[in-house]
Amino acid sequence: MPLRKDFLWGGAIAANQVEGAWNVDQKGMSVADVATFKPTIDVKDYKAHNTVTSDMIQQARKDLEVEWYPKRRGIDFYHRYKEDIQLFAEMGFKALRISIAWTRLFPTGEETEPNVAGIDFYKNVFKELKKYGIEPIVTLSHYEMPLALSEKYNGWVDRKLIDFFVHYAEVCFKAFGEYVTYWLTFNEIDSVGRHPFTTAGIVEDKCIGYSLEEAVYQALHHQYVAAAIATKLCHELISGSQMGCMLTKLTTYPNTCKPEDVLLSLESNLNNYAHADIQIFGEYPTLYKKHLENKGIIITKAAEDDKLLREHTADYLAFSYYMSRTESSDPSLEQTSGNTIMGVKNPYLPSTEWGWQIDPVGLKISLLELQDRYNVPLIIVENGMGAKDEVTSDGKIHDSYRISYLRQHIKEILEAVEAGVDLFGYTSWAPIDLISVSTSQMSKRYGYIYVDQDDLGEGTLERIKKDSFFWYKKVIESNGSILD
Ligand code: BG6
């Protein structure tokens, strides 16, 4: 088999989508606790689902219920992590990607001392993982920054956020360093532009004296610098640690060989790469700098920033891949949605119910491109298919569509590795059903494990193994040689 013996097979989850217990044990409110379930809005309209205003935040502060705020309840991983980890172990997981909720440690983001209950919770989770020999891969910030930092500073627009984040990161390295080797700074850092509130706490109506676009690029800059400092600290505080950066890999094709289409797709891919370029090559790409300049965007930098970016680059590149997209110069063509981005409908690809185009070959293309461009170890930290599952009369979930999606993608991974890609792991999204980031639905399911809960939180939360559970177990056991 092309895969290395110690290949990190597993799954990926995020605190804000699984933990629940949003106001338990002194946890503070995060931006995720503002997201509501919006059944009347088309699931393909990701913008309408993800736009947040100051009024909505005020309302969320007043509302203390969880029914319409699904991320507040998650799937109760906070209380059920032992049972869930045991199920992951039964599938043979070698790794679990999780994230730490910043607000469990620092409820407003500005405290000097961390909340002990938060530290204890994650220590217990890591101990439980170690019990089964499961390697944790830990993201420091996955769409759940402290709400108070959004309200007070308009999030990452303010440079002070660097210090708050670095302090939080340092506490994590000191408290969890004995359990965690693999770290990630920001989940899908490039998504600041697509959903500024969720990723960076930016609210458009608070952008006074600057535009939303300026806010986005300034916030991104602060996150790159924070990531560089966190990388430095991680290396200093945890011997042998690996700090990665993460990209949403939005592989974009030209709709035709018309040069204008090719140019648009090239620009789109370059804009996507820029975020990894900065964190792996240690500087803003020339074309990207010019692109910002042409837009009239001036990023305020401190004297030390360029040096920090240059000297503390990421050790590996982690990326999510769900779909590919297509660009066209013809505005009349039908568009479809993807992972919080639109694109022209590709006639060669089927789509999920949410409009995301299923493209396994696109994953191989992505792997080859990333290997060739960066030449650092790669890990796929998210890949999967959101679908509505049904519990049939036999009490089971026959999710052959999910198995088919994953099988096709893993086949392409094997080919890419055979072609020379240095891939050290695959953590699919998500091993257990959880709350969708973009639509806050529970019914958009990704798991090998079904969770009995509906969109409004009704259900027993019972965990049921789907057909894909048994399939993935065999895939792991055979290190990817048995896919059928
Ligand atoms: C990724 C995010 O972009 O997509 C995850 O990192 C998210 O947090 C996943 O859940 C799938 O998106 P959605 O909207 O289907 O939950």
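Where is A430 found, in terms of the strands β12 and β13? Keep that in mind, everyone. A430 is in the loop that runs between β12 (423–429) and β13 (449–451). Why start there? The peptide bond from W429 to A430 is cis, with omega near -15°. Most peptide bonds are trans, and most residues other than glycine have a negative phi. A word of caution before we go on: this is a predicted model.

There is a second backbone detail to look at. T340 has a positive phi of about 50°, and T340 is not a glycine. You will find T340 in the loop between β9 (335–337) and β10 (342–344).

Now the ligand. How many residues surround it? The count is 15. The closest are E188, V437, S438, K444 and Y446. Sort the shell by class, and you get six nonpolar, six polar and three charged residues.

Next, the contacts. Start with S438: one of its polar side-chain atoms lies 2.4 Å from an oxygen atom of the ligand. Then E188. Here an N or O atom of the side chain is 2.6 Å from a ligand oxygen. Then N187, where the side chain has an N or O atom 3.0 Å from an oxygen atom of the ligand. How much of the ligand does the protein cover? On its own, the ligand has 380 Å² of accessible area, and the protein covers 99% of that.

So where does the ligand sit? It is in the largest cavity. That cavity has a volume of about 180 Å³. There are 16 residues in its lining, and the closest to the centre are Y322, N339, W356, E382 and V437. V437 should sound familiar, as it is also among the closest residues to the ligand. By class, the lining of this cavity holds six nonpolar, seven polar and three charged residues.

Let's stay with cavities. How many are there of 30 Å³ or more? The count is eight. The second largest cavity holds about 130 Å³ of space. Its lining has 17 residues, and A35, H49, N50, V52 and T198 are the closest to its centre. Two helices come up here. α2 (46–50) and α10 (196–200) each give at least two residues to the lining of the second largest cavity. That lining has eight nonpolar, seven polar and two charged residues.

On to the pockets. The largest pocket has a volume of about 850 Å³. In its lining are 30 residues, and those closest to the centre are D190, G193, R194, V216 and Y217. Which elements give two or more residues to this lining? They are α2, α10, α11 (212–237), α12 (259–280), α13 (286–294) and β8 (325–327). Which gives the most? That is α11, with five residues. By class, the lining of the largest pocket has 13 nonpolar, nine polar and eight charged residues. Look again at α2 and α10: both were named for the second largest cavity, and both are on the list for the largest pocket.

One more pocket. The second largest has a volume of about 220 Å³. Its lining residues include L266, E267, L270 and N271, and also Y288, H291 and R373. Two elements give two or more residues here, α12 and α13. α12 gives the most, with six residues. The classes in this lining are six nonpolar, three polar and three charged.

To recap, with the structure in front of you. Find the ligand in the largest cavity. Find S438, with its polar side-chain atom 2.4 Å from a ligand oxygen. Then find α11, which gives the most residues to the lining of the largest pocket. Finish at the cis peptide bond from W429 to A430. Thanks, everyone.

Definitions and conventions:
Residues numbered from 1 in each chain as written. Predicted model: local features only at pLDDT ≥ 70, side-chain atom pairs only at ≥ 80, totals over all residues. Heavy atoms only, no water. Near = heavy atom within 4 Å. Polar contact = N/O pair within 3.5 Å; in protein donor to acceptor, adjacent residues only side chain to side chain. Areas by Shrake-Rupley, 256 points an atom, 1.4 Å probe, with all protein chains shown as cover. 1 Å grid on protein atoms, 1.4 Å probe; cavity = no way out; pocket = protein on both sides within 12 Å on 5 of 7 lines; lining within 4 Å. Sits in = over half its atoms within 2 Å of the grid points. Nonpolar A, V, L, I, M, F, W, Y, C, P; charged D, E, K, R; others polar. Points joined across faces, edges and corners; volume = space filled by probe spheres on them. Helix = DSSP H or I, 4+ residues; strand = E, 2+ residues; numbered from the N terminus.
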